[in-house]
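Biologist: I would be grateful for a close look at one part of this structure. Please choose a single element, describe its partners, and then follow the connections outward.

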Amino acid sequence: MARKQTKKEEYQKLLNEFDDIKASEQRDLMDLKYVIRGKYKNKKQKEMADTIRNNRITIVTGSPGSGKTYIAIKTGLEILKDQKSGIGDILLTSPVLPSKIGALPGDLDSKLSNYFQHFYDNMDKLVGVKVRNFLVSSGLISEKIIHFMRGSTFGKYDDFGNPVGTFCILDEVQNITPMEVKTYLSRLGENSKIILLGDPDQCDLSLRNNEINGLADAIKKLDGLEGIGFVHFTEDDIVRDPFLISIMKRYRDK
């Protein structure tokens, strides 16, 4: 005849079953089945992906059309899909120039959505619209304006107290101030990654003498620090259209 369980043993069994359910739910959420399309178009794009994987913060600069945003999104989706990566979501961040908001059509939400469309265009190329919509609706991908970052911390802790990081992409860093970059970096939480993207030649800030933008300042201050990676694309790395290479070189030389 089997021994009757004590109340303490019954309670412990319920706790174990609850933990098993929670762990199963977590695995199901992270066991993402989407297929990521697209290959690296040159060695520099592969270098960028490797640098992101091997560092907590990666600063990527260079010419338009070289695939900076595309590779950042691709790498983020790959890391998010990896159950062992420690990354639980992707955060898309963009600066908004107040002087340009009023000129855009629509309400505030539609005005702000213009600043994130290029992220989603790249995502659609990589995983398709349906998968992108699922990732957004499930909270695995979110967006924030750089000016609304105070008080936020990138990453969280799961039900078992384990840190779950956020893969953070901040684009157009040449259009924010050094203090705004500092604020963004100060949000870095355990297991999280930050990718700063920008083109020094496309700064729209009105800078006074001796002032520099947030991208240039970050490169200057963080150079040589362990855990910080740097990648620079030149005109020869442009993949959007070969004709664009000649155009960008003319602007650089003249």
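Modeller: Strand β4 (residues 156-157) pairs with β5 in the antiparallel sense over two bridges. Strands here are DSSP runs of E with at least two residues, helices are runs of H or I with at least four, and both are numbered from the N terminus. Two strands pair if DSSP finds at least two bridges between them. The model is a predicted one, in which local features need pLDDT of at least 70 and side-chain atom pairs count only at pLDDT 80 or more, while totals for chains, interfaces and linings use all residues. Residues are numbered from 1 along each chain as its sequence is written, and side-chain values use heavy atoms, with hydrogens and water left out.

Within the pairing of β4 and β5, Lys156 is placed opposite Val164 of β5. The two strands make a hairpin in which five residues lie between them, and Gly161 in the turn has a positive phi of about 85°. Of the eight residues of β5, seven are buried, so this strand is largely enclosed by the rest of the structure. Buried means under 20% relative accessible area, exposed means over 50%, and partly exposed lies in between (1.4 Å probe, protein chains only).

β5 also has parallel partners. With β2 it forms six bridges in the parallel sense, and Leu92 has Ile169 of β5 as its bridge partner. With β6, β5 is joined by four parallel bridges; here Ile169 is partnered by Ile195 of β6. Ile169 is thus linked both to Leu92 and to Ile195.

From β6 the pairing continues to β1. Strand β6 (residues 193-198) and β1 run parallel and share five bridges, with Thr61 opposite Gly198 of β6. β1 is joined to strand β7 (residues 228-233) as well, by six bridges in the parallel sense, and Ile59 has Phe230 of β7 as its bridge partner. Six of the six residues of strand β1 (residues 57-62) are buried, so it is largely enclosed by the rest of the structure. In a regular strand the side chains alternate between the two faces of the sheet. Both faces of β1 are covered, since the buried residues comprise Ile57, Ile59 and Thr61 on one side and Thr58, Val60 and Gly62 on the other.

Leu92 also leads to a further strand. Ser142 lies in β3 and is partly exposed, with a relative accessible area of 31%. Its C-alpha is 6.2 Å from that of Leu92, although 50 residues separate the two in sequence. Leaving aside residues up to four places away in sequence, Ser142 touches Ile90, Leu91 and Leu92, where contact means heavy atoms within 4.5 Å.

A helix connects with these strands too. In α6, the buried residues are Phe119, Tyr120, Asn122, Met123, Asp124, Leu126 and Val127. Their cover includes β5 (163-170), together with α3, β2 (87-94), α7 (129-137) and β3 (141-145). After α6 comes Gly128, with a positive phi near 90°.

Two packed helices are described by the angle between their axes and the distance between the axes. α3 packs on α6 (residues 117-127) at about 55°, and the axes are 9 Å apart. That angle makes the two helices oblique to each other. Axes are lines fitted to C-alpha atoms, for helices over the stretch in contact, and angles run from 0 to 180 degrees between N-to-C directions. Angles under 35 degrees count as roughly parallel, over 145 as roughly antiparallel, 65 to 115 as roughly perpendicular, and the rest as oblique. From α3, Thr69, Tyr70, Ile73, Lys74 and Leu77 meet His118, Phe119, Asn122, Met123, Leu126 and Val127 of α6. By class, this contact of α3 with α6 holds seven nonpolar residues, three polar and one charged. Ala, Val, Leu, Ile, Met, Phe, Trp, Tyr, Cys and Pro count as nonpolar, Asp, Glu, Lys and Arg as charged, and the others, Gly among them, as polar.

As for the chain as a whole, its secondary structure comprises ten helices and seven strands. Of its 254 residues, 43% are buried. Among contacts with a separation of 6 or more, 77% are between residues 24 or more positions apart.
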